[in-house]
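Work through the exercises below with the sequence and the 3D view open. Each task is followed by a solution in steps.

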Amino acid sequence: MVEPSLGSGYPEYWEADVVLRDGATAHLRPIAPSDADAVQAFHAQQSQASIYLRFFSFKAKLSAKEIKRFTEVDHKDRVALVMTFAGEIIGISRYDRLENPDEAEVAFNISDRHQGRGIGSILLEHLAAAARENGIKRFTAEVLPENRKMLMVFADAGYEVQRHFDDGVVSVGFNISLTQKSRAVMESREHRAEAKSVQGLLAPQSIAVIGASRTWGKLGYQLLQNIVEGGYTGSVFAVNPEAIELAGMLSYGKVSEIPTAIDLAVIAVPYSEVPAVVQECAEAGVKGVLIATAGFADDGDVGLARQRAIVRHARANGMRVIGPASVGLINTDPAISLNASAAPALPVAGGLGLFSQSAAIGVALFAAASRRSLGISSFLSAGNRADVSGNDLMQFWEDDPDTNAVGMYLESIGNPRKFSRIARRISRTKPVIVARSLVTGAELPPGHVVRTTRAPQGAVDAMFRQSGVISVETVEELCDVSQVISTQPLPRGGSIAVISNSLALGKVVGDSARAHGLTVQRTVAELDLDTGMSLALPALRESLSEALEHDGVDAAVVTLLPSRGLTVEHIAEVLQECGAQAGKPVVAAFTGILDVSIHVEGLLRISKDFPALPCYSNPGAAVAALAAVVGYARWREQELSQEAVLATVPEGLQPAKAESLLERLLRGQNDATLMSLEGTAAQEFLDCYGIKVLESRTFETPLEAVAAADELGWPVVLKTTNPALKHRIDLGGVRLDIRDGASLRRNIVAMERALAAYGKSGMEVQSMAGLGQACVVRAIEDPLLGPVISFGMSGDAVKLLDDWAHRIPPLSDQDINELVRAPRASVKLFGYEGLPAVNVQALEDLVARVAVLKDNHPEVALLDFAAVLVSQNGVSVLSVDLKIANPEQRTDSARRAMRA
């Protein structure tokens, strides 16, 4: 099929690559007039029954008039989307706006050969998103009763569907506004499809190594050898046009010559040959490719364009792409036993799933995990991350019975909102540990493409905390935490016992624990372990068992200096047994060992009857790792103890009315130019979310000022309109508690004199609010993170000390509770230096309203309440800076789509 000729007004951003139910990929886009022949061919391949269900009669061929109507649309009142696979149309959806401009009639046609792949539900999601964008609120359809598949698509979409049977036809109608249920349905289907897609890569039944070599040291040689010697249980084939035999097997000239269908092609050919090889794989029906070849990031814009073209072509033909510049993938499941990587051998099988991006980091992460004997379920290096990402792997690991913890090193995040959503869901059952470097997109590793961010510093950290992610800085720290999380039970709390054979060492470890937020419940630091094995080991067992039996102790840190006659193995066996019997985590730090042949950094598996023991050479690393796990356990307990998906929605919200206002205000504005909403327009919008801003009036003369104050009601506040001074009492920009006209005139003269050095500016009067603590509540729309909510205490705390807290909507009740308590200066809200505590509940209600508003409306580029007074009686919002714009498409929109 030829590329579509794009007509005027073609909404190119509606195009998307999507993952089907079976894990394959397809391309979805608006229809174009150049699709006429393809639509006719699609119709000709349909069965008589399918044609009858779509058109209520049989027609062997579409007329020229019908083809013209179907393919020539205006993308507003008439919209049609097509899904293509391997160059052919496999599904069509369309709507036509009805006489009522809020309604549209929809129709769908799915290829007979591709039924059961979830095409209809994906087309419906994208069609509904396009319709909402064009102001349509409701879909209707007429369906024959025997068309059960189409009726099920509507019923399973999560919308409230109404049916009416009349004259042999089922009339279906439903509102297409997004609901919690419809979002959940979409996310569930996306999760299953993406998990299936990754499963096909990690558990292929057949592999072709393209570029396989018989030359030792070549990448193709290494990959083929590692797959074969790793004991891969599937079929493996070597592809090299210049060799007849490789690794004891027949070599093929092209992947298309292999007599068996190939699930995964591992590509290790020179950089310039990769596009042609991917093309061959697509033509041969390969399901996925792993590109080990590097060079794309080194070739500047040309390499990036080539990389994008490869991914675009692969997805259009149903293939996922790992890489380029991937170190490979590993699956230790004995039923698969796959080592398609540069690692010389399969690692120890275990419950830790590992993901990395750049090749160098992938090597470092895998090496660190191997050194520590961490048991791995699967490992994947995404390389340049052109297609398969960490989000995809998390979708798979969430349901993988062999994975009980996730470790990731991220250098960038392409879709943080989706990452946050998946991570929060998976963290409720499996811990997610993330080491990160340049995840904000301000600087990116070569070959990585994500949007840059304007979010405040700390917003990404806040997103991780919200999602339950255990955030660390380095590969070594990731492995430190993984040792505990993959072998020990979760601690019930943060009270620990410190066991040592040195008073000084025990004190140092206790101080470190307290610095990490742990409580030292017991310290046993007088153990004498130089009495020989027969006395020392029972003494150690008794001390540790007694400490762990105490109800106030949740975990133990055992930190020991070398002792005569005791080996690390003897001690580890005692610690393993005591921890297992108590059902509490135990970590060990063996410090001061000078013998380099004794390795104490990693997991020791002395007794097969008990879980492995996490061991460290540095007590500080042991304490930090345990503290990170305690933090995760606390988050999970809070998360599971409440319905924490969304906060309790405040009363009186009118999001539909707010959306209509924004549509009216932004009508005709096609660029991202910011529009300020002030006065009545701003208050009308905020009223939709129950937020009131104290009224203010600007004036030109003292007479106008007095008249305005009479209307507002005395007492009033006098303010300059200079943005830098209007909240600065200390600089003379604000005068409070003015009670009559004469006093107001005097204050106007005094303010003009005091602010003369700053240049001429206007003034305004405002109703006087009660006394209270001054706060700032701010919300922005960030290109990378989407909506970001920020909170701080007004003044120097935020302006000089950057004492902000940030969260990413949607927010749970717990998120809001933590947000208003996170800034260091927030202690002023709870009674400070003899002042009474304020009404924090009213403040939390305001934050909840702002969070829902910002999550609902990406058009709101900035919402800044720079002066919020919180008193014992409630909250007063003194000013608002509100800017709106035609938004960029959010990175996590209401359309199931792969990263562009």
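## Exercise 1: A core residue

Phe419 touches Asn391, Met394, Met408, Leu410, Ile413, Val434, Met463, Phe464 and Val469, leaving aside residues up to four places away in sequence.

**Task.** Find which residues have the most contacts inside the largest nonpolar core.

**Solution.**
1. The model is predicted, and the largest nonpolar core in it has 54 residues.
2. Leu329, Met408 and Phe419 have the most contacts inside this core.
3. A second core, separate from it, has 47 residues, including Ile470 and Leu603.
4. As background, nonpolar side chains in soluble globular proteins tend to be buried together.

## Exercise 2: Confidence

**Task.** State where pLDDT stays under 50.

**Solution.**
1. Start with the whole protein: the average pLDDT is 90, and 95% of the residues score at least 70.
2. Over residues 439–443, pLDDT stays under 50.
3. The model has 15 contacts for residues 439–443 beyond four places in sequence.
4. Where pLDDT is low, the predicted coordinates should not be read in detail.

## Exercise 3: Tyr10

**Task.** Decide whether Tyr10 is buried or exposed.

**Solution.**
1. Locate Tyr10 in the segment before strand 1 (16–19).
2. Its relative accessible area is 11%, and the cut-off for buried is under 20%; Tyr10 is therefore buried.
3. Tyr10 touches Glu15, Arg29, Pro30, Ile31 and His75, residues up to four places away in sequence not being counted.
4. Between Tyr10 and Asp74 there are 8.2 Å in space, C-alpha to C-alpha, although they are 64 residues apart in sequence.

## Exercise 4: Strand 28

**Task.** Describe the faces and the pairing partners of strand 28 (residues 613–616).

**Solution.**
1. Leu613 and Cys615 lie on one side of strand 28, Pro614 and Tyr616 on the other, and all of them are buried.
2. Strand 26 (residues 586–590) runs parallel to strand 28 and is joined to it by two bridges. Here Ala589 stands opposite Tyr616.
3. Strand 27 (residues 602–604) pairs with strand 28 in the antiparallel sense over three bridges. Leu603 stands opposite Pro614.

## Exercise 5: A sheet and a helix across it

**Task.** Give the strand order of the open sheet of six strands, then place helix 25 (residues 840–856) against the strands it lies across.

**Solution.**
1. The order is 29-38-37-34-35-36, with antiparallel pairing.
2. Strand 29 (675–677) and strand 36 (805–807) are the edges, each pairing on one side only.
3. On average, neighbouring strands of this sheet are turned by 15° against each other, direction ignored.
4. At one edge, strand 35 (residues 786–793) pairs with strand 36 over three bridges, and Ser790 stands opposite His806.
5. Helix 25 lies across strands 34, 35, 37 and 38, at about 175° to strand 37.
6. Helix 25 has 17 residues and reaches 24 Å from its first C-alpha to its last, close to the 24 Å expected.
7. Among the buried residues of helix 25 are Leu843, Val847 and Val850. Besides strands 34, 35, 37 and 38, the buried residues of helix 25 pack against helix 20 (679–687) and helix 24 (813–819).

Definitions and conventions. Residues numbered from 1 in each chain as written. Predicted model: local features only at pLDDT ≥ 70, side-chain atom pairs only at ≥ 80, totals over all residues. Heavy atoms only, no water. Core = buried A, V, L, I, M, F, W, Y, C linked by side-chain atoms within 4.5 Å. Buried < 20%, exposed > 50% of the residue type's maximum accessible area, 1.4 Å probe, protein only. Contact = heavy atoms within 4.5 Å. pLDDT = per-residue confidence, 0-100. Pairing = 2+ DSSP bridges. Helix = DSSP H or I, 4+ residues; strand = E, 2+ residues; numbered from the N terminus. Axes fitted to C-alpha atoms, helices over the stretch in contact; angles between N-to-C directions. Expected span 1.5 Å × (residues − 1).
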